[in-house]
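This briefing is meant to be read with the sequence and the 3D view side by side. Please look through both before going on to the notes that follow.

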Amino acid sequence: AVSRTFSIIKPDATRRNLTGAVTKMLEEAGLRVIASKRIHMTREQAEGFYAVHKERPFFGELVDFMMSGPVVVQVLEGEDAVVRNRKIMGATNPADAEEGTIRKTFAESIEANSVHGSDSDENAAIEIAFFFDEGEIVG
Ligand code: CMP
């Protein structure tokens, strides 16, 4: 069924002017951008968004990285959007990502891995609500 997911184009990608290139790959994978904004995350936003990872050893660096430059937060719509987006993103670690995926094509490291995508429909709803009001989403 048609559903929604949440995506972030991360600072390593915006720094290299890859917002359009990444978005093109999302669109070619059958996803439609129904909300989008470029923001510079505050510490509060980065820590809040990644709160599920706060006990992980990489949490501090992850938060610093996500605040290191602008990001583009997006709501994506499409048939099985969460799964579709995870497929086009590729594995978290670009070394493990398949050919033709966003992370294989663009990511620099497991941290600077160019994109985030929700891992379930439940988390997609939570993550969308973290950054967007319903009125900002135009399906
Ligand atoms: P993301 O999907 O945004 O969710 C959490 C992020 O932590 C993940 O992508 C990675 O970019 C980042 N990260 C940094 N180090 C690690 C690690 N060792 N294992 C997993 N994720 C990591």
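Thr23 is buried, because its relative accessible area is 14%, which lies under the 20% cut-off for that class. The place of this residue is helix H2, which covers residues 19-28, and the model in which it appears is a predicted one. Leaving aside residues up to four places away in sequence, Thr23 touches Ile9, Val33 and Gln74.

**The chain as a whole**

- The protein chain contains seven helices and four strands, and from the N terminus on these elements follow one another in the order β-α-α-β-α-α-β-α-α-β-α.
- The radius of gyration of the protein chain is 14 Å, close to the 14 Å that the globule rule gives for 139 residues, and therefore the chain is as compact as a globular protein of that length.
- Taken along the principal axes, the box filled by the C-alpha atoms of the protein chain is roughly 35 × 35 × 25 Å.
- Among the contacts in the protein chain with a separation of 6 or more, 77% are accounted for by residues that are 24 or more positions apart.

**Surface and charge**

- Of the 139 residues in the protein chain, 47% count as buried.
- The area that the protein chain exposes is about 7,300 Å², and carbon and sulfur atoms supply 49% of this area.
- The protein chain carries 16 positive and 23 negative side chains, and the centres of these two sets lie 4 Å apart.

**Ser3 and Asp80**

- Ser3 is found in strand S1, which is made up of residues 2-9, and Ser3 counts as buried because its relative accessibility is 19%, a value under the 20% cut-off.
- Which residues does Ser3 touch, not counting residues up to four places away in sequence? They are Leu76, Glu77, Gly78, Asp80 and Ala81.
- The side chain of Ser3 also reaches the backbone nitrogen of Ala81, at a distance of 3.0 Å.
- Asp80, one of the residues touched by Ser3, lies in the loop between strand S3 (71-79) and helix H5 (81-89).
- Asp80 counts as partly exposed because its relative accessibility is 44%, which falls between the cut-offs of 20% and 50%.

**Asn113 and Ser114, in one loop**

- Asn113 is found in the loop between helix H6 (102-106) and strand S4 (115-117), and the place of Ser114 is likewise in the loop between H6 and S4.
- Are these two residues buried or exposed? Asn113 is buried, with a relative accessible area of 2%, and Ser114 counts as buried at 0% relative accessibility.
- Not counting residues up to four places away in sequence, Asn113 touches Lys10, Asp12, Thr92, Arg103 and Ala107.
- Asn113 and Val72 are 41 residues apart in sequence, and in space their C-alpha atoms are 14 Å apart.

**Backbone angles to look at**

- Most residues other than glycine have a negative phi.
- Asp80 has a positive phi of about 45°, although this residue is not a glycine.
- Ser114, which is also a residue other than glycine, has a positive phi near 70°.

**Helix H4 and the loop before it**

- Gly60 lies in helix H4, which covers residues 59-66, and Gly60 is partly exposed, with a relative accessible area of 38%.
- Gly60 and Glu47 are 13 residues apart in sequence, while the distance between their C-alpha atoms is 8.7 Å.
- The place of Phe58 is in the loop between helix H3 (43-49) and H4, and Phe58 is partly exposed, with a relative accessible area of 37%.
- Phe58 and Ser109 are 51 residues apart in sequence, and from C-alpha to C-alpha they are 13 Å apart in space.

**Asp96, in the loop between H5 and H6**

- The place of Asp96 is in the loop between H5 and H6.
- Why does Asp96 count as exposed? Asp96 is placed in this class because its relative accessible area is 56%, and the class begins over 50%.
- Asp96 and Gly48 are 48 residues apart in sequence, and their C-alpha atoms are 28 Å apart in space.

Notes
Residues numbered from 1 in each chain as written. Predicted model: local features only at pLDDT ≥ 70, side-chain atom pairs only at ≥ 80, totals over all residues. Heavy atoms only, no water. Helix = DSSP H or I, 4+ residues; strand = E, 2+ residues; numbered from the N terminus. Rg over C-alpha atoms; globule rule 2.2 N^0.38 Å. Buried < 20%, exposed > 50% of the residue type's maximum accessible area, 1.4 Å probe, protein only. Contact = heavy atoms within 4.5 Å. Areas by Shrake-Rupley, 256 points an atom, 1.4 Å probe, with all protein chains shown as cover. Lys, Arg positive; Asp, Glu negative; His and termini not counted. Charge placed at Lys NZ, Arg CZ, Asp CG, Glu CD. Polar contact = N/O pair within 3.5 Å; in protein donor to acceptor, adjacent residues only side chain to side chain.
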